[in-house]
Each structure stands twice: as C-alpha cells, then as structure tokens.
Amino acid sequence: MKIALFGYGKMGKTIERLALERGHEIVAKIDKETKEGGLEAADAAIDFSIPSEAFNNINKCFKLNIPIISGTTGWLDKFDEAKKNCLKENGAFIYASNYSLGVNLFFELNAQLAKMMARFKEYNVHLEEIHHTQKLDAPSGTAISLAEGIIDNSSKDSWALDVTNNEDEIPIVAKRIDKVPGTHTITYDSMVDDIEIKHTAKNRDGFALGAIIAAEWIQNKKGVYSMKDVLGL
C-alpha cells in the first residue's frame, strides 16, 4: 500500500517506521516544513497534522478519491461538514480521537461502567488526562470521547474543562507533562470509596499502528467509518 502522511512530526515518523516494517511505501510527506512526494500516488492518506490544517487535508483527499485516516484533534467543529463532503464526493473516511487498540477497548469499558454507575447517584464522576507538553489542544480528543461515552450512558449532559459546580457536567482536568504519551483516568468517587479505570500509553507505537491498520482496512470501501468498524467492536 502507498501511504501519504499529513504531518511529519513524531507521530508521522512513527507511522513511517511501522508502515515500512509492514511492507508499505510512503509516497508523500506533507507538513509546514516538509513536502516530499506526490499525494496523487497514494492508496491512503494518514493525517496527524495540526487542527488548522486537518479539515483542508481531509477534503483534498475526498477530491482526489484517496481514503483518509484522520487522527488530528481540535478541529471537530467541522466534523459534520467533513462527513457530508465525504458522502458527496463518494469518499472514504475514518476519524478517531485515538487509534490505539487498547484505548478503543477502554472506550467500550468506559461506556459499560457508565451504564452500571448511572443508577448510583452517590458517586460523582470526573476525568483526568495527561499528555506531553507539545500537545496543542486541551482537553484531549480521547478525553472528550470518554466524556461523550459517559454522557450517552448516564444523566450527565455535558463536560467542562477543570472545575465545574454543575452536577450535570463532567469535569475534565488536563495536565501537560514532558514526555508523557497519554494517560486517561476516569474516577467515580463517593464518601466511602472510589472506583477508577485508567489507560496508560507507554509510547506512540500503539496509536501509529492502529492508524495503519485502519488504512489497510478501508481499502476498496466508501463511506464514513470509525475504529469500532475497523476492530469489529
């Protein structure tokens, strides 16, 4: 498979290394400082760029009939428009806030726990996420996805960054610490005990490998998909 990379930072370089190990070819590397190769030659594109560029990159792939795997967060105010454009152009599109197999299993665990806890009002839920200092958005897209999983399965109706006094909101604390790939913790606390689930990424390989697997999976498909489709969850 011939892959184009939007974004050639640490994640882009990790994707390149793992893609080559799986027998794929990198035919384009595109970001502010690097423009190598031609996008038109790609069988799939993987976007880990920056929020201000992601939407344009995605639409460019729709126009060129190139399946696009997007892992960039912070641009989701245009997500519905991107889905409409995909269907209009008969394109192929996967967006995930996190491509790690472990995180996607964690999403399912989070939703199931939220269902179980919904009837026990004595527990208050809150989220914490920790990432490296180079991460541009806060809270992380993964934290937002986790909050939405709780909202879909409980009486909560929104989330808020940092402190909230609204019992219908889920507070999210975002921390930035050097060299932390990503840690997400969901805690239900009461006067007598705490219940906690946690996912800790050890490096970027899990995120990168999941994106490559998604690019392999979407070949010869049309439409908008998620990692649930890729992993059969």
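Visitor: In this predicted model, which residue of E5 is the bridge partner of Ile46?
Guide: Start with the two strands. E4 and E5 pair in the parallel sense, over three bridges. Within that pairing, the E5 partner of Ile46 is Ile69.

Visitor: Ile69 also has a bridge partner in E6; which residue is that?
Guide: E5 runs parallel to strand E6, residues 92–95. Three bridges join E5 and E6. The E6 partner of Ile69 is Ile94.

Visitor: Which residue stands opposite Asp47 of E4?
Guide: Look to strand E1. E1 and E4 run parallel and are joined by four bridges. Opposite Asp47 stands Phe6.

Visitor: Ala44, Ala45, Ile46 and Asp47 of E4: are they buried or exposed?
Guide: In a regular strand, side chains alternate between the two faces of the sheet. In E4, Ala44 and Ile46 point one way, while Ala45 and Asp47 point the other way. Whichever way they point, all are buried.

Visitor: Which strands are at the edges of the seven-strand sheet?
Guide: This sheet is open, and its pairing is mixed. The order is E3-E2-E1-E4-E5-E6-E12. An edge strand pairs on one side only, and that fits strand E3 (35–37) and strand E12 (223–225).

Visitor: By how many degrees are neighbouring strands of this sheet turned against each other on average?
Guide: Take the open sheet of seven strands, E3-E2-E1-E4-E5-E6-E12. Direction is ignored for this value, and the average is 20 degrees.

Visitor: At about what angle to E5 does H2 run?
Guide: H2 lies across strand E1 (2–6), strand E4 (44–47), E5 and E6. Its direction relative to E5 is about 165 degrees.

Visitor: Where is Pro67, and is it buried or exposed?
Guide: Pro67 is in the loop between helix H2 (51–64) and strand E5 (68–70). Its contacts include Asp43, Ala44, Ala45 and Ala92. Its relative accessible area is 12%. The cut-off is under 20%, so Pro67 counts as buried.

Visitor: How many Å apart in space are Pro67 and Gly91, C-alpha to C-alpha?
Guide: In sequence, Pro67 and Gly91 are 24 residues apart. In space, C-alpha to C-alpha, the value is 6.6 Å.

Visitor: Why is one side of E8 and of E11 left without a neighbour in the sheet?
Guide: The sheet here is open, with five strands in the order E8-E9-E7-E10-E11. Strand E8 (158–161) and strand E11 (194–200) stand at its edges. One side of each is free because each has a single partner strand.

Visitor: Which residue of E10 is the bridge partner of Val125?
Guide: Strand E7 covers residues 124–131, and strand E10 covers residues 183–189. E7 and E10 pair in the antiparallel sense over seven bridges. Val125 has as its E10 partner Tyr188.

Visitor: Which strands does helix H4 lie across?
Guide: Helix H4 spans residues 101–117. H4 runs at about 165 degrees to E11. The strands beneath this description are E10 and E11.

Visitor: Are H4 and H5 roughly parallel or roughly antiparallel?
Guide: The axes of H4 and helix H5 (residues 141–151) come within 8 Å. They cross at roughly 30 degrees. Angles under 35 degrees count as roughly parallel, so H4 and H5 are roughly parallel.

Visitor: How many charged residues are in the contact of H4 with H5?
Guide: H4 brings residues including Phe106, Phe107 and Ala111, and H5 brings among them Leu146 and Ile150. The contact holds seven nonpolar residues and four polar ones. As for charged residues, there are none: no charged.

Note on methods: Residues are numbered from 1 along each chain as its sequence is written. This is a predicted model: local features need pLDDT of at least 70, side-chain atom pairs count only at pLDDT 80 or more; totals for chains, interfaces and linings use all residues. Side-chain values use heavy atoms; hydrogens and water are left out. Buried means under 20% relative accessible area, exposed over 50%, partly exposed in between (1.4 Å probe, protein chains only). Contact means heavy atoms within 4.5 Å. Two strands pair if DSSP finds at least two bridges between them. Axes are lines fitted to C-alpha atoms, for helices over the stretch in contact, and angles run from 0 to 180 degrees between N-to-C directions. Angles under 35 degrees count as roughly parallel, over 145 as roughly antiparallel, 65 to 115 as roughly perpendicular and the rest as oblique. Ala, Val, Leu, Ile, Met, Phe, Trp, Tyr, Cys and Pro count as nonpolar, Asp, Glu, Lys and Arg as charged, and the others, Gly among them, as polar. Lists of a residue's contacts leave out its neighbours within four places in sequence.
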